[in-house]
Amino acid sequence: MAGIRIENVRKSYGAVTVLRDFNLDIADGEFVVFVGPSGCGKSTMLKILAGLEEASGGRVLIGERDVTDLAPGDRDIAMVFQNYALYPHLTVARNMGFGLKMRGMDRGEIDRRVKEAAKILAVDHLLDRRPKELSGGQRQRVALGRAIVREPQAFLMDEPLSNLDAKLRVHMRAEISALHKRLGVTTIYVTHDQIEAMTMADRIVIMRDGEIQQIADPDTMFARPENLFVAGFIGSPGMNFLLGNVTADERGARVSLFGQDVSLPVPLAAVPGIAGRPVILGLRPEHIGPAHGPVSFAVRPRLVESLGSEKYIYVDLPHENRGAPADAKGADDERRGDALIARLVDAGAVATGEPITLSFDPARLHVFDADTHRAIR
Amino acid sequence: MKLRSSRIVLYLGVAATCAVLLFPIYWLFVTAISPPADLRSLPPRFWPDVPQWQVFSRIAEERPMLLWLTNSTLAALGSVALSMTVSVFAGYALSRFRVRGGQSLGLFILTAKMLPATLLVIPLFGIFRSVGLIGSLWSVVLAHATLIVPFTTWMLKGYFDTIPRELEQAAMVDGCSPLGALFRVILPVATPGLAATALYGFVLSWSDYAYARTFLTNAQQSWTANLGITTMKGEYVTDWNEISAAAVFVALPILVIYLFLERYLVGGLTAGAEK
């Protein structure tokens, strides 16, 4: 096992740059998740770590070894692929032992390690089968087994759960986390699913257009997003964004939301000259309550979605609060810029078009610069 | 009801197609075992009254069929071995590596196949004569390879394209070199494609007449079966039943090979590599 250091790694294909100055220190045994929308460069970075892609610049160190120019097989890493990439002409046992055989390990030791890994992953009864005779979940376990028998310095996982159905994905997510805790091997996991990132990671690296947007643990990522993109990407449903013009008086910075004067949770001194400028305000759906609170407003929901345990209430935004940039929304967010979602737990009966009072605490507001999209604190 | 009638139409279509495809083989066989007098009778006889089975043993004794078939086999095996060696690497490179002009190069390879054999035979004759290969089976092996390589390269490129790149990436992470990944993982997975491609090349070489006729006419010991059969046509009298019987001998090996390789040709080995 070893830590991994990525220093100023860049990657370009001709004039197209897919990774810019990627810097990251990963501690020994840490579980780091690269997350971001399609085309953000997360898989490219993983392939550079594996040695399957050549970096245009920068260095990669595993432990104290500079592996930048080493072949994939010499890096002492194991990789789990999105489509499993099991060798179809080999049995499960030979699939799992292939990497050890390539390293010239003796047959007895290979058998011992394969059986041990197969037992951990509960595939020991499948060792003589071919991949085509396995279910999706079993193939995924064999792919994991092929990685763990190697006892490598690090695991690289490229969206390993995205081919599984939703139920199995949740199950395998927990299994991979448990496996990581048991083995303690440094793991880098790539996904576009922010829920996978939040539930599995020690630290999350959010990427967009080849650049790191924020590196933080899941709770910090949720509570203190650095910019509008991170705020919109993390959380489901995604954060609501409202536009407001700042006014300042002796009580501090204020904006008008739902026709009410609301104090911003930002000291005026933090942003000199903010008065008179527009800001984007973020409010998470779960921070909106069903009753009277510090800031209450009466609305008629235009849509109510019930998930049984909770309800998503879609509410029209006042015209003065519309216009936050659409690209700040999360990947799975279908809202247009004119609606706000409230996520209500145990809210009782709520019907579309019927009046309801909602409220929020201004302390929960996130404030972003309307030009730079960076958080103002 | 509608489903049943459409099924009947489907079966009738399949039966008609099979009849059209199989009739020449059947007719070749009937011609071989019919007495010469029956061959020009009208209406035609679809099965002779007294099948002349001895025609097969007769031509086997009177003509060097075994030598011709051996030469055809050697020429086909040689040209297939040469073509496959070249086209496995060429097809893999075209499938996997993006190089400047790679696409044009691939298409350029294919244009070689667009030239008719009769056009290539003259310059090839000049080349082989200058290196002393005229009359040698090697001339046919090399000439057939020039015909086969463009097609097999593209067939294999198409097959390699269907194999997920992650397979060789996984092999490389497991410790293989790029060449090791090709030999240990990609080629075993590509067995159905390799078998189909090799068989295609074999048939192409086996059915050649123009090259053998040009390069081997004066070397009877090197005659291939197709060239040998044409010498059975007399100036005044031609025994069509004997020629047909010889043709049956020539067609038989291909038929047998198809039967043995059928399970590889239908493919399906990559199932399970990915979801």
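In chain A, strands β18(A) and β19(A) form a hairpin, with 3 residues between them. Keep in mind as you look around that this is a predicted model. Beyond the hairpin, there are two meetings to explore: chain A with chain B, where 25 residues of chain A are in contact with 20 residues of chain B, and the two domains into which chain B is divided.

**The hairpin in chain A**

- Look in the turn for A:G308, which has a positive phi of about 90 degrees.
- Strand β18 covers residues 303-306 of chain A, and strand β19 covers residues 310-316.
- These two strands run antiparallel and are joined by 4 bridges.
- To find one pairing yourself, start at A:V304 and cross to β19(A), where its bridge partner is A:I313.

**Where chain A touches chain B**

- Two elements of chain A each give two or more residues to the side that touches chain B: β6 (77-80) and α2 (92-102).
- Sorted by class, this side of chain A has 16 nonpolar, 6 polar and 3 charged residues.

**The two domains of chain B**

- Domain 1 of chain B spans 1-52, and domain 2 spans 64-265.
- Taken over C-alpha atoms, the centres of these two domains of chain B are 31 Å apart.
- Their contact takes 8 residues from domain 1 of chain B and 7 residues from domain 2 of chain B.
- What classes of residue make up the side of domain 1 of chain B that touches domain 2 of chain B? That side divides into 5 nonpolar and 3 polar residues, with no charged ones.

Conventions. Residues are numbered from 1 along each chain as its sequence is written. Chains are lettered from A and ligands numbered from 1 in the order in which they are written. This is a predicted model: local features need pLDDT of at least 70, side-chain atom pairs count only at pLDDT 80 or more; totals for chains, interfaces and linings use all residues. Domain bounds come from an automatic or database domain assignment. Ala, Val, Leu, Ile, Met, Phe, Trp, Tyr, Cys and Pro count as nonpolar, Asp, Glu, Lys and Arg as charged, and the others, Gly among them, as polar. Two strands pair if DSSP finds at least two bridges between them.
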